[in-house]
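Reader: I would like to learn how to read a sheet. Please take me through one strand and its neighbours.

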Amino acid sequence: EIDVEAFCLTTLNPSAPMILLNVEIDDFGIVERRSCGCPLEEAGYGLHLRGVRSYRKLTGEGVTLVGSDMVRILEEVLPATFGGAAHHYQLHQREDADGFSRMILVVDPEIRLPSEDAARKVVLDTLAGRSGMEDFARSLWQMAGTLSVERRPTEWTARGKYPSLVVRRG
């Protein structure tokens, strides 16, 4: 499933400086009703959140990237370097069997790459210059295989939307 059910918040407190209706906060997780016995539950607050994660921030090997930096690379840097358009490149974040986050750069087979390493290098070098990713973090990602490249068509949602970043749960 590509679509992420993001949390949306609404503020209806009259003392709040502004009213927000269904504001998406770029986080998702599991919402469940359960008993915990705390004072908030006694006051009628029985909903709990768990497994909260952000789909605009990507984390691999302890290094957090801002999604907007990655979107710029996918939509501008890679097409300018290797050709094609933004929809030919996509980044998937998945957890492997051991629970480690893996970043998969999906590149459409129509795009001629000199090598998968060339695409990986462009991404890491651009992140290093833009996000302040240190050489140590970049080396760690390379050694751990955090960023890999797959040659296949990019994925679209059932509604025909193209997401640059795809975060898979679990």
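**Reading a sheet from its inner strand**

Author: Start with burial in this predicted model. All 7 of the 7 residues of E7 are buried, so the strand is largely enclosed by the rest of the structure.

Reader: Which residues of E7 point one way, and which the other way?

Author: Ser101, Met103, Leu105 and Val107 point one way. Arg102, Ile104 and Val106 point the other way. Both sets are buried.

Reader: How do strands of a sheet pair in general?

Author: They pair through backbone hydrogen bonds, either parallel or antiparallel. Take E7, residues 101-107, and E8 here: they run parallel, joined by 5 bridges. Leucine 105 has valine 149 in E8 as its bridge partner. Isoleucine 104 has serine 148 in E8.

Reader: In which sense do E6 and E7 pair, and over how many bridges?

Author: Antiparallel, over 7 bridges, with E6 spanning residues 89-95. One partner to locate is serine 101 in E7, which bridges to glutamate 95.

Reader: What do E6 and E7 form, and how many residues lie between them?

Author: A hairpin, with 5 residues between the strands. Look at glycine 99 in the turn: its phi is positive, about 85 degrees.

Reader: What is the order of the strands in the sheet?

Author: E8-E7-E6-E9. These 4 strands form an open sheet with mixed pairing. The edge strands are E8 (147-151) and E9 (165-167), each pairing on one side only.

Reader: How many degrees does the twist average from one strand to the next?

Author: The average is 25 degrees.

Terms used
Residues numbered from 1 in each chain as written. Predicted model: local features only at pLDDT ≥ 70, side-chain atom pairs only at ≥ 80, totals over all residues. Heavy atoms only, no water. Pairing = 2+ DSSP bridges. Helix = DSSP H or I, 4+ residues; strand = E, 2+ residues; numbered from the N terminus. Axes fitted to C-alpha atoms, helices over the stretch in contact; angles between N-to-C directions. Buried < 20%, exposed > 50% of the residue type's maximum accessible area, 1.4 Å probe, protein only.
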